[in-house]
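Thanks for making the time. I have one structure to go through, and I will take it site by site.

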Amino acid sequence: MANPLVLGIESSCDETAVALVRGDRTILAQRIASQNEAHERFGGVVPELAARAHADRLAPMVAAVLAEAGVGLADVDAIAGTAGPGLIGGVMVGLVTAKALAMAAGKPLIAVNHLEGHALSPRLADAALGFPYLLLLVSGGHCQLLLVEAVGRYRRLATTIDDAVGEAFDKSAKVLGLGFPGGPALERAARAGDAGRFALPRPLVGTPEPHFSFAGLKSAVLRARAAMAAPSEQDIADLAASFQQAACDCLVDRTERALAQVPGTTALVVAGGVAANQHIRGALLALASAHGLPFVAPPLWLCTDNGAMIAWAGVERFRVGDIDDLNAPARPRWPLDPEAEAVRGAGVKA
Ligand code: KG4
Ligand code: ZN
């Protein structure tokens, strides 16, 4: 079927999201409910609170999306739900909801890897993007370079050996007192800052394999902050800008290293929550241009977690006949490339 209609459900972290997407890239309706208020006072996502919020919200959101689109479950061709990796309580809530809908409506279930959702999301936004492409996948739990060869074929070229870049943004923002969620807050603070003021490390830059490391950078931010007894707003802005520049330099250097390993790539693509960062997007655009490659980045709302990317991954998998049975397990860890060597920190979402 060339133009399937798929309902997508996302619940692997702190966004509850549902969307109805068609094969021709129309988003018929979608809802995204963030849980920021529930987790804000803890300074991070509390798994049990997240799972309960997903359980409370999902059923009414599914009903609202179907009603807005004016379609019934009988009109849907498949139900796609995130089956991992992620916080297991939330993943189970979303996957069980997807299974119940699939069973009730007699429709196929597609158990989607959250990372596959991010990896294919640029193709929802850009009809011209073909395979293979080099993907920098940067989120709160992941930092990977993948060669996307086809739907279902992802070759991991590199991953982080400690923290994900989004985690480094979130922890640095917390240390700087910038609030939660940290990534967007740090980007805002950095706009008024001098990126050259603090000399921060760029871990692994220049090494032959394109892996990432952010733990040392995060600790350096902590030390620089601790060295200032009563920092002014400008001091905080300068440290935020210095951190963002260091993280960006690491991403660009590692991505350039990976580009050299995949001469046939047709585009440089970035996806995942950190891809919402304008400074990083600008630097990657410059890198792609220098290599004569198109640069593809999904619109900001599609970078952070959402239901449309899960529905779209469902569309792509449905088209190639890759559906699941109702026993599909919820998986807290689920690397996209099963052949990739295990690296501590890879394939987990903190
Ligand atoms: O993809 P996502 O919504 O959830 C995961 O799958 O992890 O990514 C969330 C991550 C968080 O670490 C958040 O701070 C980061 O993406 N993020 C940003 C920005 N917007 C979101 N990091 C830097 N700059 C941003 N503008
Ligand atoms: Zn994500």
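I start with the zinc ion, ligand 2. In this predicted model, its protein donors are His114 through NE2, His118 through NE2 and Asp305 through OD, lying 2.0 to 2.2 Å from the ion. Written as a sequence pattern, the donor spacing is H-x3-H-x186-D. His118 is in helix α4, residues 114–125, and Asp305 is in the loop between α10, residues 300–303, and α11, residues 307–319, so this pair ties together parts that are 187 residues apart in sequence. Are His118 and Asp305 buried or exposed? Both are buried.

Staying with helix α4, there is a salt bridge to look at. Glu116 pairs with Arg317, and the closest N and O atoms are 3.7 Å apart. Glu116 belongs to helix α4 and Arg317 to helix α11, so here parts that are 201 residues apart in sequence are tied together. With the cut-off for buried at under 20% relative accessible area, Glu116 is buried at 4%, and Arg317 is buried at 5%.

Now the sheet that α4 packs on. Five strands form an open sheet, in the order β8-β7-β6-β9-β10, with mixed pairing. The edge strands are β8, residues 153–159, and β10, residues 295–296, each of which pairs on one side only. Helix α4 packs on this sheet and touches β6 (133–138), β7 (143–150), β8, β9 and β10. The direction of α4 makes about 130 degrees with that of β6.

At the β10 edge, β9, residues 268–271, pairs with β10 in the parallel sense over two bridges. Which residue of β10 is the bridge partner of Val269? The partner is Val296.

A second helix belongs in this picture. Helix α8, residues 233–261, lies across β6, β7, β8 and β9. Relative to β6, α8 runs at about 155 degrees.

Back to charged pairs. How many salt bridges does the structure hold? The count is 13. As a general point, side chains of opposite charge can pair when their charged atoms come close.

I will show two more of these. Arg153 forms a salt bridge with Glu149, with 3.5 Å between the closest N and O atoms. Arg153 is partly exposed, with a relative accessible area of 49%, and Glu149 is partly exposed as well, at 26%.

The other is between the side chains of Lys218 and Asp163, at 2.6 Å from N to O. Lys218 lies in helix α7, residues 215–226, while Asp163 lies in the loop between β8 and α5 (165–175), so the pair ties together parts that are 55 residues apart in sequence. On accessibility, Lys218 counts as partly exposed at 21%, whereas Asp163 is buried with 10%. There is also a network: salt bridges with shared partners join Glu116, Arg317, Asp322 and Asp324.

A short stop at the loop between α6, residues 182–190, and α7, where Pro201 lies. Pro201 counts as partly exposed, with 32% relative accessibility. Setting aside neighbours within four places in sequence, Pro201 is in contact with Gly216, Leu217, Ala220 and Ala246. Pro201 and Gly264 are 63 residues apart in sequence, and their C-alpha atoms are 32 Å apart in space.

Last, the strands earlier in the sequence. Why is strand β4, residues 78–84, described as largely enclosed by the rest of the structure? Because seven of its seven residues are buried.

On one side of the bookkeeping we have strand β1, residues 5–10, joined to β4 by four bridges, with the two running parallel. Leu7 stands opposite Ile79 in β4. Then there is strand β5, residues 109–113, which β4 meets through five bridges, and this pair runs parallel too. Ile79 has a bridge partner in β5 as well, namely Leu109. As for the connection, β4, helix α3 (residues 88–105) and β5 make a right-handed β-α-β unit.

To close, I would go back to the zinc site, with donors His114, His118 and Asp305. Helix α4 is where His118 lies, and α4 also packs on the five-stranded sheet. I can take questions on any of these sites.

Notes:
Residues are numbered from 1 along each chain as its sequence is written. Chains are lettered from A and ligands numbered from 1 in the order in which they are written. This is a predicted model: local features need pLDDT of at least 70, side-chain atom pairs count only at pLDDT 80 or more; totals for chains, interfaces and linings use all residues. Side-chain values use heavy atoms; hydrogens and water are left out. Donors are N, O and S atoms within 2.8 Å of the metal (3.2 Å for Na, K and Ca); water is not among the atoms, so sites may look incomplete. Buried means under 20% relative accessible area, exposed over 50%, partly exposed in between (1.4 Å probe, protein chains only). Two strands pair if DSSP finds at least two bridges between them. Contact means heavy atoms within 4.5 Å. Axes are lines fitted to C-alpha atoms, for helices over the stretch in contact, and angles run from 0 to 180 degrees between N-to-C directions. A salt bridge is a side-chain nitrogen of Lys or Arg within 4 Å of a carboxyl oxygen of Asp or Glu. A crossover is right-handed if, with the strands pointing away from the viewer, the path from the first strand over the helix to the second runs clockwise.
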